[in-house]
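Biologist: Could we go through this model slowly, so that each term we use is tied to the value behind it?

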Amino acid sequence: MQTQTVQFAVQSKNGVIEKVGKSTIYQPKTNFKGGQIKWYEDKPKKKSN
């Protein structure tokens, strides 16, 4: 896990801070090396009688 996104949230009531929280999202490392991608060739769906 290499990249993370952090968001902070503050909840206040009448100007007084009540809660402080954070959330973290971990993102896996990208392994694309810039080569060609082999695409799957779509086949049309056969109609059944």
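Modeller: In this predicted model, Ser 48 lies in the segment after strand 2, and its C-alpha atom is separated by 64 Å from that of Lys 13, which is 35 residues apart from Ser 48 along the chain.

Biologist: Why is Ser 48 called exposed?

Modeller: Ser 48 has a relative accessible area of 71%, and because a residue counts as exposed when that value is over 50%, Ser 48 is called exposed.

Biologist: Lys 33 is found in the segment after strand 2 as well; what makes Lys 33 exposed?

Modeller: The relative accessible area of Lys 33 is 75%, and since the cut-off for exposed is over 50%, Lys 33 is placed in that class. The C-alpha atoms of Lys 33 and Val 6 are separated by 27 Å, with their positions 27 residues apart along the chain.

Biologist: How do you know that Lys 22 is in contact with Gln 7?

Modeller: Contact means that heavy atoms lie within 4.5 Å, and when the neighbours within four places in sequence are left aside, Lys 22 is in contact with Gln 7 and Phe 8. The distance between the C-alpha atoms of Lys 22 and Gln 7 is 5.5 Å, although the two are 15 residues apart in sequence. Lys 22 itself lies in strand 2.

Biologist: Does Lys 22 count as buried or exposed?

Modeller: Lys 22 has 61% relative accessibility, and because exposed means over 50%, Lys 22 counts as exposed.

Biologist: Which residue is found in the loop between strand 1 and strand 2, and what is notable about its phi?

Modeller: Asn 14 is found in that loop, and its phi is near 55°, a positive value in a residue other than glycine.

Biologist: Why does Asn 14 count as exposed?

Modeller: Its relative accessibility is 78%, and because exposed means over 50%, Asn 14 counts as exposed.

Biologist: What makes Val 10, Ile 17 and Val 20 a nonpolar patch?

Modeller: Nonpolar side chains are joined into a patch when they lie within 5 Å and their residues have over 30% relative accessible area and no salt bridge, so Val 10, Ile 17 and Val 20 are described as a nonpolar patch on the surface, with about 320 Å² of accessible area together. Val 10, which lies in strand 1 (residues 3-13), has a relative accessible area of 55%, and because this is set against a cut-off of over 50%, Val 10 is called exposed.

Biologist: How many residues of the protein chain count as buried, as a percentage?

Modeller: Buried means under 20% relative accessible area, and of the 49 residues of the protein chain, 0% count as buried. The protein chain has zero helices and two strands, and carbon and sulfur atoms supply 51% of the roughly 5800 Å² that the chain exposes.

Conventions
Residues numbered from 1 in each chain as written. Predicted model: local features only at pLDDT ≥ 70, side-chain atom pairs only at ≥ 80, totals over all residues. Heavy atoms only, no water. Patch = residues over 30% accessible without salt bridge, like charges linked within 9 Å, V, L, I, M, F, W, Y side chains within 5 Å. Areas by Shrake-Rupley, 256 points an atom, 1.4 Å probe, with all protein chains shown as cover. Salt bridge = Lys/Arg side-chain N within 4 Å of Asp/Glu carboxyl O. Helix = DSSP H or I, 4+ residues; strand = E, 2+ residues; numbered from the N terminus. Buried < 20%, exposed > 50% of the residue type's maximum accessible area, 1.4 Å probe, protein only.
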